[in-house]
Each structure stands twice: as structure tokens, then as C-alpha cells.
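This report describes the interior of a predicted protein model. The topics are an enclosed cavity, a helix and the nonpolar cores.

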Amino acid sequence: MKKDILYRLFANKATDAERSSVRAWVEASEENRRTYMDERKFFDTASMLADTFCDDFTENRRVWFFRKWAGRAAAAVAIVALTLGAERLAHTYAEPENLPMQQLNVPPGQRLNVVLADGTSVWLNSNSSMKFPGAFVGKKRTVEIDGEAFFAVAKDTEHPFSVSTCRGEIEVTGTKFNVDAYSTGNDFVIELVEGGVNFSDGVHTTGMTPGQKLMVTSDGNINVGMSTASPSEWISGIVSFQELPMQQIMEKFEKYYGIEIEMPKQFSCDEQFSGKFYIDDGIEHALDVLRRDIKFSYTSDKDKRFIAITPEQPTPGGKRRHS
């Protein structure tokens, strides 16, 4: 697969034919999927340094752009390497009071992977941020998350790893889990893949085992059940939902695509829908697929990142699935 086609896809510039060809190529083999993810990671890292991808990329300036982009990407790799080296030195010599918190912010529609000084791997989803110290010192390893993140925590039983969120604290010693904790949304979900975690809301502490899903409702109640889907599909560029009402689906789209969606009360109903979309296909593709079963129209203002939805007739009953 030509890289310029992949980069156009990542920048929402690909044609329908190119999107279809990339999807078929990715699904053809595990090697192709890994290559896709490597290029996606490279693109997201480089794009965070660029002013905007769309401003730089034109057919007439392609060679110039890739040289400019490659230079910035190389700088990003160098910065990461220097930072990790400094963190390891600080881990050995620095005192806690001399270690300021650092922050990573992920733009809308992008995802970012970072490896912390202790070896913990963190994937950050669209519109997410993470605060972390220059090095882990003391008895605990603590980071702060606002948004969605997937953690593969380096095992260290003598130094528990904790994640502070808007709803409480997650504590582990070595495990894999996903947390959806946007301070701007109503949802709070932890899904445990491997190991064990304890979640504390400041009053109660709840333990979890692999395969479980913990949800905190808007009124503060804690519910624990079983996960029904892979909690980390978004890492592969997929947004999925299981039996959700229209309102919650749109809330997911707002988070993942970084847009505001206005929707009338006619869609505030109990009908539930399931679906799975590639994030790189764009919000309008997802809406067009939903319109096959949910009769509505929409208008969009790309400059203001705003979409207005208007129902064309009462929402049909039943549970639907899209792919």
C-alpha cells in the first residue's frame, strides 16, 4: 500500500475508492494491520508538531511537505529520546519536589502512544490529556487522565501505579485496562483486560477482575458487569457502540471527532442501536450509514466544527447494527 494514500486517509483527504482499498488491505493480513498502525502512529506524532496537515499538503508541494514533515517527525523522536533519558537520570538523582508535572494533549481525531519512564505504555484517545511527572519517585507512580486511555502498566509491586480521574482513583501494580473518563461527559467506564485494579471514588473501593466493566452513573452509583466488546478497538481506529440510544451515540462522536452535535428531543427515546465505524472514514460517513435505519438529515459547518441533526420522521423501534 502506498504511503501517500495512507496519509491522505489519515488526513480525511482520501477518496471513497482509496478508503475501500486501504480497508481491504488492512483486513488482508496481520502484517498489514501492524504496518497500518505504525504509519498511523507516525502520522499522529508528526501532525502534533505540524501547524496543520491540510495547510501543508497539496499535490504541488508534496515533496516539500514530506521533507518538512519527516524533519519534524525526526525532531519528535529525538525529543522523546532525550526526554526519556532525562527521566531515567531524574529517577536516579532527583528529589520529588523538583519534578514538575508534564502534560500531553491529543487533538481531535488523533491518537497517541507514549511509553513512560517506568516502561508503562499508554495510548491516549482523541481529545484526551495526561499529566505525569518527569520521573516516578517515592512509593507510588501517579498520572492524571482527562479523556480515554489504554494502559499496559509495567509491573512493580513495591510501587503501585495509580490513575487519577474526575471520578476517582484507579490503583494497580501491573495490568492492562481501558478508562473512559472525560470530564466534559457523563460516562465513566473502566474495562479490565488483564491483572487487577481497585477503583476508589473517595467513599467506596471496588475491586475488578479481568473481563469486567465498571461504570459510574451520573448520580454516582457504581455498577460492575462483563465487557461485551474489546475495550481498545479505538486504538486500531475504530469507534464502536453496543445497544446505545441515539443521544449517547452522538456523545461518542463528539468525543472522537472533536465536534459539537445539536440534536432535538425527538431522539431522546429508548430505542438502542449498535455499530462499528472506522474513525478515519470521518463523521459524515458514520452519519450517512446511520441514516439507513434512522431517518434524519443533517447540516455541517466544518469551520465551526458543528453539526445540526433534524429528524425526518419518528425514530424506528428495534435494535440495529451497522458495520
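## Internal cavity

Helix H2 (residues 16-28) supplies the largest share of the lining of the largest cavity, with 4 residues. The full lining consists of Leu9, Arg19, Val22, Arg23, Val26, Tyr36, Tyr278, Asp280 and Asp281. Sorted by class, this lining holds 5 nonpolar and 4 charged residues, and no polar ones.

The largest cavity encloses about 70 Å³ of space. With a threshold of 30 Å³ or more, the model contains 1 cavity.

## Helix H1

Helix H1 (residues 3-10) is mostly covered, with 7 of its 8 residues buried. Those buried positions are Asp4, Ile5, Leu6, Tyr7, Arg8, Leu9 and Phe10. Of these, Leu9 is also named in the lining of the largest cavity.

## Nonpolar cores

The largest nonpolar core comprises 41 residues, and the members that touch the most others are Tyr36, Met250, Phe253, Tyr257, Leu287, Leu290 and Ile309. Helix H6 (residues 246-257) provides the largest share of this core, 6 residues. Tyr36 belongs to this core and also lines the largest cavity.

Which residues does methionine 250 contact, leaving aside its neighbours within four places in sequence? Met250 is in contact with Ile261, Met263, Leu287, Leu290 and Ile309. Among these partners, Leu287, Leu290 and Ile309 are themselves listed with the core members that touch the most others. A second core, separate from the one above, has 29 residues, including Val143, Ala149, Val153 and Phe161.

Definitions and conventions. Residues are numbered from 1 along each chain as its sequence is written. This is a predicted model: local features need pLDDT of at least 70, side-chain atom pairs count only at pLDDT 80 or more; totals for chains, interfaces and linings use all residues. Side-chain values use heavy atoms; hydrogens and water are left out. On a 1 Å grid over the protein atoms alone, a cavity is a set of points where a 1.4 Å probe fits but cannot get out, and a pocket is an open set with protein on both sides within 12 Å along at least five of seven lines; lining residues have an atom within 4 Å of a point. Grid points are joined across faces, edges and corners, and a volume is the space filled by probe spheres set on the points. Helices (H or I, at least four residues) and strands (E, at least two) are DSSP runs, numbered from the N terminus. Ala, Val, Leu, Ile, Met, Phe, Trp, Tyr, Cys and Pro count as nonpolar, Asp, Glu, Lys and Arg as charged, and the others, Gly among them, as polar. Buried means under 20% relative accessible area, exposed over 50%, partly exposed in between (1.4 Å probe, protein chains only). A nonpolar core is a set of buried Ala, Val, Leu, Ile, Met, Phe, Trp, Tyr and Cys residues joined through side-chain atoms within 4.5 Å. Contact means heavy atoms within 4.5 Å.
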